[in-house]
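Open the model in your viewer and keep the selection tool at hand. Each stop below says what to select and what is there.

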Amino acid sequence: MTFNLTILGSGSATPVPDRHTTAQILSIEGDYFLIDCGEGTQYRLIENHLRPGRLKYIFISHLHGDHYFGLVPLLSSLNLAGRTDDLWLFGPRGLWEIITVQFRYSDTKLNYPIHFQETDPHQPTQILDHPNVTVETIPLQHRIDCTGFLFREKNRKRKLMADKLPGDLPVSFYRQLKDGQDILDDLGQVLYSAEEYTLPAPQPRSYAFCSDTRYNEAMFDQIRGVDLLYHEASFLDDMEALSEKYFHSTARQAALTARQVAANRLMIGHFSSRYKVTDEFLVQARAVFPETYLAIEGQTTEV
Ligand SMILES: [Zn+2]
Ligand SMILES: [Zn+2]
């Protein structure tokens with residue numbers, strides 16, 4: 001199953017020339033899951049050759065503008081492009097009202113349905129049960145209500161040993177074997193056993209998106225053992241007091257979180273505009289958690 005993360009924005013609220021506000025695409029078997037939608041997200045999609053028409057689910061963490069100011073323009077453009085497919089939108093209380101006010105006064109009528117679901121900022125809640133993944137909210141500690149999102153892959157299929165199988169086997173048999181079912185003949189005898197022709201399914205993967213937040217021990221149990229953790233790191237270590245005051249995290253705190261929850265990999269982003277270069281973020285985070293990487297716009301990572 002494809003389960004890829006593409007970073008469209010790695011900056012925080014104040015504009016800087018070469019970093020954009022938060023937006024990410026999770027691509028799961030051809031469906032696009034957009035996480036946050038900072039200003040200009042629709043341009044980032046086009047620049048990165050990601051077709052907006054493939055968007056199916058949009059998740060908004062909170063109502064600071066750097067996380068959703070690109071949403072109404074994107075929804076409008078989908079309408080102009082002739083979209084009729086349903087779209088699912090998850091976000092905090094107030095988001096739906098903001099959208100409908102803008103559309104009301106521009107006399108915009110969408111030709112596609114949007115199913116809006118309000119997120120609960122206090123309780124982890126499963127908000128989506130998709131054929132390939134489930135999505136839960138992660139309550140974060142920020143200045144206003146804010147949730148992260150935890151994507152868990154459902155059980156993966158067994159792997160075919162293609163070289164062992166006869167070439168003329170019908171495709172439906174492949175599917176059966178990958179599901180772990182034996183192929184039987186008319187008398188109910190096993191022709192091809194799943195055990196013999198497939199390898200065990202790989203472990204299901206998970207991705208946790210945590211922005212914006214203070215160092216937040218309350219979420220540790222929920223995200224323990226996550227494969228890829230995205231955690232905001234707005235500041236370097238010498239700004240910890242200010243970071244705390246603004247309900248943000250430092251690179252070291254993000255790394256500490258990754259270490260405490262035994263994540264496989266950590267990606268940090270949401271860098272404050274006061275930093276022209278981000279190398280020091282990596283140095284400070286890797287000192288605590290070596291498997292740390294910077295969020296780099298335009299780069300795609302397999303979960
Ligand atoms: Zn932010
Ligand atoms: Zn914020």
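**Stop 1: the aromatic cluster**

Select Phe-33, Tyr-57, Phe-59, Trp-88, Phe-90, Phe-149, Phe-151 and Tyr-207: together they form one aromatic cluster. Bear in mind that this is a predicted model. Across the structure there are 15 aromatic pairs. Zoom in on one of them, Phe-59 with Phe-90. The two rings are stacked, with 5.0 Å centre to centre and 10 degrees between the planes. Now colour the strands. Phe-59 belongs to strand E4 (residues 55–59) and Phe-90 to strand E5 (residues 87–91), so this pair ties together parts 31 residues apart in sequence. Phe-59 and Phe-90 are both buried.

**Stop 2: Leu-128, a neighbour of the rings**

Add Leu-128, in strand E7 (residues 126–129). Which residues does Leu-128 touch, beyond those up to four places away in sequence? The answer includes four aromatic residues by name: Phe-33, Tyr-57, Phe-59 and Phe-90. Val-133, Thr-134 and Val-135 complete the list. Leu-128 has a relative accessible area of 10%, so it counts as buried. For a sense of scale, draw a distance from its C-alpha atom to that of Leu-228. The two are 100 residues apart along the chain and 19 Å apart in space.

**Stop 3: the annotated site**

Next, select Asp-66, His-67, Asp-212 and His-270. An unreviewed UniProt entry gives these four the feature "binding site". They are spread over 205 residues of sequence, yet they cluster in space, with a largest C-alpha distance of 10.5 Å. Asp-66, Asp-212 and His-270 are among the residues lining the second largest pocket.

Take Asp-66 by itself. UniProt also lists Asp-66 under "active site", again in an unreviewed entry. Asp-66 sits in the loop between E4 and H2. Is Asp-66 buried or exposed? Its relative accessibility is 9%, so Asp-66 counts as buried. Show its contacts, leaving out residues up to four places away in sequence: Ser-12, Ala-13, Thr-21, Thr-22, Gly-38, Asp-212 and His-270.

Move to His-270, in the loop between E16 and H9. Its side chain makes a polar contact of 3.1 Å with the side chain of Asp-66. His-270 has a relative accessible area of 1% and is buried.

Then pick His-67, in the loop between E4 and helix H2 (71–80). His-67 is buried, at 0% relative accessibility. Which side chain does the His-67 side chain join in a polar contact of 2.7 Å? The partner is Asp-36. Beyond neighbours within four places in sequence, the contacts of His-67 include Cys-37, Gly-38, Ser-211, Asp-212 and His-270.

**Stop 4: Arg-205**

Go to the loop between strand E13 (198–199) and strand E14 (206–210), where Arg-205 is found. Arg-205 is buried, with a relative accessible area of 7%. Show polar contacts around its side chain. The side chain of Glu-302 is joined to that of Arg-205 by one of 3.2 Å. A polar atom of the Arg-205 side chain also lies 2.9 Å from the backbone oxygen of Met-1. Other residues touching Arg-205, outside the four places either way in sequence, include Phe-3, Phe-151, Arg-152 and Asp-227. Phe-151 is a link back to the first stop, as a member of the aromatic cluster.

**Stop 5: two arginines over rings**

Select Arg-83 with Tyr-112. The charged end of Arg-83 sits over the Tyr-112 ring, 5.5 Å from its centre. Then select Arg-214 with Phe-247. Here Arg-214 lies over the face of Phe-247, 3.7 Å from the ring centre.

**Stop 6: helix H8**

Finish with residues 251–260, helix H8. How many of its 10 residues are buried? Seven are, and the helix is mostly covered. Highlight them: Ala-251, Gln-253, Ala-254, Ala-255, Leu-256, Thr-257 and Ala-258. Now show what lies over these buried residues. The cover includes three helices, H6 (220–223), H7 (240–245) and H9 (279–286). Strands E15 (228–232) and E16 (265–269) are also part of it. Last, step just past the end of H8 to Ala-262, which takes a positive phi of about 55 degrees.

Terms used:
Residues are numbered from 1 along each chain as its sequence is written. Chains are lettered from A and ligands numbered from 1 in the order in which they are written. This is a predicted model: local features need pLDDT of at least 70, side-chain atom pairs count only at pLDDT 80 or more; totals for chains, interfaces and linings use all residues. Side-chain values use heavy atoms; hydrogens and water are left out. Buried means under 20% relative accessible area, exposed over 50%, partly exposed in between (1.4 Å probe, protein chains only). Helices (H or I, at least four residues) and strands (E, at least two) are DSSP runs, numbered from the N terminus. Contact means heavy atoms within 4.5 Å. Rings of Phe, Tyr and Trp (its six-membered ring) pair if their centres lie within 6.5 Å; planes under 30 degrees apart count as stacked, over 60 as edge-to-face and the rest as tilted. A charge sits over a ring if NZ of Lys or CZ of Arg is within 6 Å of the ring centre and within 35 degrees of the ring normal. UniProt positions are given in the numbering used here, feature names are shortened, and annotations may be inferred rather than shown by experiment. On a 1 Å grid over the protein atoms alone, a cavity is a set of points where a 1.4 Å probe fits but cannot get out, and a pocket is an open set with protein on both sides within 12 Å along at least five of seven lines; lining residues have an atom within 4 Å of a point. A polar contact is a pair of N or O atoms within 3.5 Å; within protein, one must be able to donate a hydrogen and the other to accept it, and residues adjacent in sequence count only if both atoms are side-chain atoms.
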